[in-house]
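Could you walk me through this fold, one selection at a time? Gladly: open the viewer, keep the selection box handy, and follow along.

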Amino acid sequence: MSKIAYDLTKIKGIAFDVDGVLSPSTIPMSDDGVPMRMANIKDGYAMQLAVKQGIKIAIITGANTEAIRRRYNTLGINDVFLGAAHKLPVLHDWLIKEGLFAEEVAYVGDDIPDIRVMEYVGLAVAPADAAVDVKSIARFISTRNGGYGVARELIEEVMRARGLWLASDAAFGW
């Protein structure tokens, strides 16, 4: 039984913000002012496995750093949208491209720019340390803070509900 009050068998796609979701909210800066984001290895493992099992994954972020694209491309995620000042039009275009309906999609966001997208999709998810306004509209609040396994927690729940978690040899390698 899932801890998420939503029919997870419907979920065919998951979109993620980056800062505060896939990386912690506090980001070290290089000497030239470029954010140096961390990436959670267990999140990455779950994301690549989800892609291999046919779940559509997108990254929609206001950040505009090619390192983000490279990180998620290595996991098999090709839909990486950088510099998305307004995320809902980007999500809408992705849904059309992938043939998905809003109720078939989960979106994970942590701050004000994510609210419109979270209101639009079937399953709005927030990290434990998300902004209060975001948590107030989330259908599921992760037990994890941003950057510390939020993606893994959600993906594992979705894949278990769909009978895809550890369901093939793809699960036992990268």
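Which residue stands opposite Phe 16 in β4? Select Phe 16 together with Val 108, and you have the pair: Val 108 is the residue of β4 that Phe 16 faces. Keep in mind throughout that this is a predicted model.

**Stop 1: strand β1**

Select residues 13-16, which make up β1. Gly 13 and Ala 15 point to one side of the strand, Ile 14 and Phe 16 point to the other, and all of them are buried. Now add residues 105-108, strand β4: four bridges join β4 to β1, and the two run parallel. Besides the pair you began with, look for Ala 15, which stands opposite Tyr 107 of β4.

Next, bring in residues 56-60, strand β2. Four bridges join this strand to β1, again in a parallel arrangement. Phe 16 has a partner here too, since its bridge partner in β2 is Ile 59.

**Stop 2: out to β3**

From Ile 59, step across to Val 80, the residue opposite Ile 59 in β3. The pairing of β2 with β3 is parallel and uses three bridges. Then show helix α2, residues 66-73. Helix α2 lies across β2 and β3, and its direction makes an angle of about 165° with β3.

**Stop 3: strand β4 and onward to β5**

Return to residues 105-108 and colour them by the side they point to. Val 105 and Tyr 107 are on one side of β4, Ala 106 and Val 108 on the other, and these residues are all buried, leaving both faces of the strand covered. Follow Tyr 107 to Ala 124, its bridge partner in β5. Three bridges join β4 to β5, which run parallel. To trace the connection, select residues 115-120: the chain passes from β4 through this helix, α4, to β5, in a right-handed β-α-β crossover.

**Stop 4: the whole sheet**

Show every strand at once. In what order do the six strands of the open sheet lie? Reading across, the order is β3-β2-β1-β4-β5-β6, with parallel pairing. Why is one side of β3 and of β6 left without a neighbour in the sheet? These strands stand at the edges and have a single partner strand each, so nothing in the sheet flanks their other side.

**Stop 5: helices α1 and α6**

Select residues 41-52 for α1 and residues 150-161 for α6. Helix α1 belongs to a right-handed β-α-β unit together with β1 and β2. Helix α6, for its part, lies across β1, β4, β5 and β6, running at about 170° to β1.

Now look at the two helices together. Their axes come within 7 Å and cross at roughly 35°, and the crossing is left-handed. To see the contact, show side chains for Lys 42, Asp 43, Tyr 45, Ala 46, Met 47, Leu 49 and Ala 50 on α1, and for Val 150, Ala 151, Arg 152, Ile 155 and Met 159 on α6. Sorted by class, this contact has nine nonpolar and three charged residues, and no polar ones.

**Stop 6: three residues outside the helices and strands**

Start with Pro 35, in the loop between β1 and α1. Pro 35 is partly exposed, because its relative accessible area of 24% falls between the 20% and 50% cut-offs. Neighbours within four places in sequence aside, its contacts are Ile 27, Pro 28 and Met 29. Try a distance label from Pro 35 to Thr 65: they are 30 residues apart in sequence and 8.5 Å apart from C-alpha to C-alpha.

Move on to Arg 144, in the loop between β6 and α6. At 44% relative accessibility, Arg 144 is partly exposed. Leaving out residues up to four places away in sequence, Arg 144 touches Pro 127, Ala 128, Gly 149, Val 150 and Glu 153. Its C-alpha atom is 26 Å from that of Ala 170, which is 26 residues away along the chain.

Finish at Leu 166, in the segment after α6. Check its backbone torsions: phi is near 60°, a positive value in a residue other than glycine. Leu 166 is partly exposed, with 45% relative accessibility.

Key. Residues are numbered from 1 along each chain as its sequence is written. This is a predicted model: local features need pLDDT of at least 70, side-chain atom pairs count only at pLDDT 80 or more; totals for chains, interfaces and linings use all residues. Side-chain values use heavy atoms; hydrogens and water are left out. Axes are lines fitted to C-alpha atoms, for helices over the stretch in contact, and angles run from 0 to 180 degrees between N-to-C directions. A crossing is left-handed if the near helix is turned anticlockwise from the far one by less than a right angle, and right-handed if clockwise. Contact means heavy atoms within 4.5 Å. Ala, Val, Leu, Ile, Met, Phe, Trp, Tyr, Cys and Pro count as nonpolar, Asp, Glu, Lys and Arg as charged, and the others, Gly among them, as polar. Buried means under 20% relative accessible area, exposed over 50%, partly exposed in between (1.4 Å probe, protein chains only). Two strands pair if DSSP finds at least two bridges between them. A crossover is right-handed if, with the strands pointing away from the viewer, the path from the first strand over the helix to the second runs clockwise.
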